[in-house]
Amino acid sequence: MHLKLFVLSASSVMLWLAPAALDKTAAIHKALQGVSLTAAIACAVTAGNIARLQAEQNEIEEIKTRAITADVVDEIATSAYISQQQRQQEAELILASPGDDVEATREALEAIYSQSLQDDTSTSEHPDYPIYLEICKSREAGKSTTWIVENVLKMGGRKFADGKVKLQTLLNKFDGEREK
Amino acid sequence: MRAVYLANYFVAGCIAFSLLGWIASLHPIAFRAVLCLVAATAIIWCLSWLLDFSLSSALKISVSDLQAYLIAAGAMFLVGLGVFLCT
């Protein structure tokens, strides 16, 4: 295509300037000049059209190249953005996970502590707890079970068997809770 | 490539003016006809220079492009006629 274009361009210029080299006194000079100029204008217009088409194709190719380049750049930028976001999320997860554990542990500990406090409160608020404390003092003082049943629980005589059972119940209940 | 096609069209314009000169040289009546055509073209060319802004908006091209076309037309006329007179 380029060869044709340059041949036509050169031909048009040659045909345009060729009559200057011809003998002006010749009879066919005018006719040759007319033919030469007509052929030259035809060659020039054809070459111009070819060059214009070629230029338009080149422009289209440039646009395509620019579009492909922009597409590739956009794709690279998108993948870079996505990978950055992933890394950021991973980092946030890594940073956030120990905090969650601590928080969960703290909440669990808080729940356990509050439950034990409630247990302690419920134990101290129990109506038999002062009697249990008296029993403990008496046992520490070396008093016997019979003495405790008769003097602390006030269950002597016929109630002695029931008092002994109550003493054992109180000891089991409050000693067990204290051991917890 | 754009320069090549512009140069080819410029050469074609120059050759067209040479062809017009050749037609004018064939017969006195043809000479008068071509003279009238050239005179009309010259008047249009001058008016185009005077009305370049309104003409550019009417043709939907920039003023600089219109002026470039007018200069190219003048140059084609001068070159084409000069080459024809030399040959």
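## Two helical chains and a look at A:M155

Read from the N terminus, the elements of chain A go α-α-α-α-α. That is five helices and zero strands for chain A. Keep in mind that this is a predicted model. Chain B follows with α-α-α-α, again counted from its N terminus, which comes to four helices and zero strands.

Here are some per-chain numbers side by side.

| Property | Chain A | Chain B |
|---|---|---|
| Buried residues | 13% of 180 residues | 23% of 87 residues |
| Share of contacts (residues at least 6 apart in sequence) that join residues at least 24 apart | 48% | 55% |

Put in words, buried residues account for 13% of the 180 residues in chain A, and for 23% of the 87 residues in chain B. As for the contacts, take those between residues at least 6 apart in sequence: in chain A, 48% of them join residues at least 24 apart, and in chain B the figure is 55%.

**Where the chains meet**

On to the interface. Here 23 residues of chain A are in contact with 16 residues of chain B. On the chain A side, the elements that put in two or more residues are helix 1 (2-17) and helix 2 (29-124). Helix 2 of chain A gives the most to that side, with 15 residues. Sorted by class, the side of chain A that touches chain B holds 14 nonpolar, eight polar and one charged residues.

**Zooming in on A:M155**

Now for a single residue of chain A. A:M155 sits in the loop between helix 4 (145-152) and helix 5 (160-179) of chain A. Is A:M155 buried or partly exposed? It takes 20 or more other C-beta atoms within 10 Å for a residue to count as buried; A:M155 has 19 of them, so A:M155 is partly exposed.

Which residues does A:M155 touch, leaving out those up to four places away in sequence? The set is A:V149, A:F160, A:D162, A:G163 and A:K166. For A:K166 there is a backbone distance to go with the contact: A:K166 and A:M155 are 11 residues apart along the chain, and their C-alpha atoms are separated by 9.6 Å.

Terms used:
Residues are numbered from 1 along each chain as its sequence is written. Chains are lettered from A and ligands numbered from 1 in the order in which they are written. This is a predicted model: local features need pLDDT of at least 70, side-chain atom pairs count only at pLDDT 80 or more; totals for chains, interfaces and linings use all residues. A residue is buried if 20 or more other C-beta atoms lie within 10 Å of its own, exposed if 12 or fewer, and partly exposed in between; C-beta atoms are placed from the backbone. Two residues are in contact if their C-beta atoms, placed from the backbone, lie within 7 Å. Ala, Val, Leu, Ile, Met, Phe, Trp, Tyr, Cys and Pro count as nonpolar, Asp, Glu, Lys and Arg as charged, and the others, Gly among them, as polar.
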